Amino acid sequence: ILSTSNLFTFVHSDWGAGTYVYLTSLSAIFIGTIVMEGVNTSLMSKSAPKELDGFFNMGLLATLVGSIGRVVGDSMITFSVFVGSAPLHDFVSVTFLPLVPLIAVGYWLLKRNYNDLLI
């Protein structure tokens, strides 16, 4: 699994599982994500505050939030490609770096609005 060349240690990303297992798992994750996106969009449109009902169409709002999420996700992957192209960086590990500020901002917003979120 590990092979050394020069001064770098390379770990194979599939751990010897093979192409078929990789493609099957990737397809299952992709299909599961697509299926759950419809469920999440439906739940989000039904659980939106009633104050927004006259101002926004909830289906449109759910579509816009999904599109913004795709833009943010694609931007994070693009950023990771530039950082991960440097030597000594693994692309898979670098992909999670943009999540650190997003998690920090989300935690700060949760702490700031915790009392408003209580039912």
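**Two helices, one salt bridge and a nonpolar patch**

L60 is found in helix α2, which spans residues 58-84. With a relative accessible area of 45%, L60 comes out as partly exposed, because that value falls between the 20% cut-off for buried and the 50% cut-off for exposed. The C-alpha atom of L60 sits 8.8 Å from that of S45, a residue 15 positions away along the chain. All of this is read from a predicted model, so a look at confidence comes next.

Across the chain, pLDDT averages 75, and 74% of the residues score at least 70. The values vary from element to element: strand β1 (residues 2-5) has the lowest confidence, with a mean of 50, while helix α4 (residues 99-112) has the highest, at 90.

As for the overall layout, the chain contains five helices and two strands. Going along the sequence, the order is β-β-α-α-α-α-α, so the two strands come before the helices. Of the 119 residues in the chain, 7% are buried. The chain exposes about 10,100 Å², and 70% of that area comes from carbon and sulfur atoms. Turning to contacts between residues at least 6 apart in sequence, 12% of them join residues at least 24 apart.

The structure holds just one salt bridge, and the partners are E37 and R70, whose closest N and O atoms are 2.0 Å apart. E37 belongs to helix α1 and R70 to helix α2, so this pair ties together parts of the chain that are 33 residues apart in sequence. Neither partner is buried: E37 is partly exposed, at a relative accessible area of 30%, and R70 is partly exposed too, at 42%.

Back in helix α1, which covers residues 19-46, M36 is the residue to look at next. M36 counts as partly exposed, with a relative accessibility of 43%. That value is over the 30% needed for a residue to be considered for a patch, and M36 does indeed belong to one: together with F30, I31, I34, V35, V39 and L43, M36 forms a nonpolar patch on the surface. Taken together, these residues offer about 680 Å² of accessible area.

Between α1 and α2 runs a loop, and A48 lies in it. Unlike the partly exposed residues above, A48 counts as buried, because its relative accessibility is 19% and the cut-off is under 20%. The C-alpha atoms of A48 and L61 are separated by 9.3 Å, with their positions 13 residues apart along the chain.

Put together, the region around α1 and α2 has a salt bridge joining the two helices through E37 and R70, a nonpolar surface patch that includes M36, and a loop between the helices where A48 is buried.

Terms used: Residues numbered from 1 in each chain as written. Predicted model: local features only at pLDDT ≥ 70, side-chain atom pairs only at ≥ 80, totals over all residues. Heavy atoms only, no water. Patch = residues over 30% accessible without salt bridge, like charges linked within 9 Å, V, L, I, M, F, W, Y side chains within 5 Å. Areas by Shrake-Rupley, 256 points an atom, 1.4 Å probe, with all protein chains shown as cover. Salt bridge = Lys/Arg side-chain N within 4 Å of Asp/Glu carboxyl O. Helix = DSSP H or I, 4+ residues; strand = E, 2+ residues; numbered from the N terminus. Buried < 20%, exposed > 50% of the residue type's maximum accessible area, 1.4 Å probe, protein only. Contact = heavy atoms within 4.5 Å. pLDDT = per-residue confidence, 0-100.
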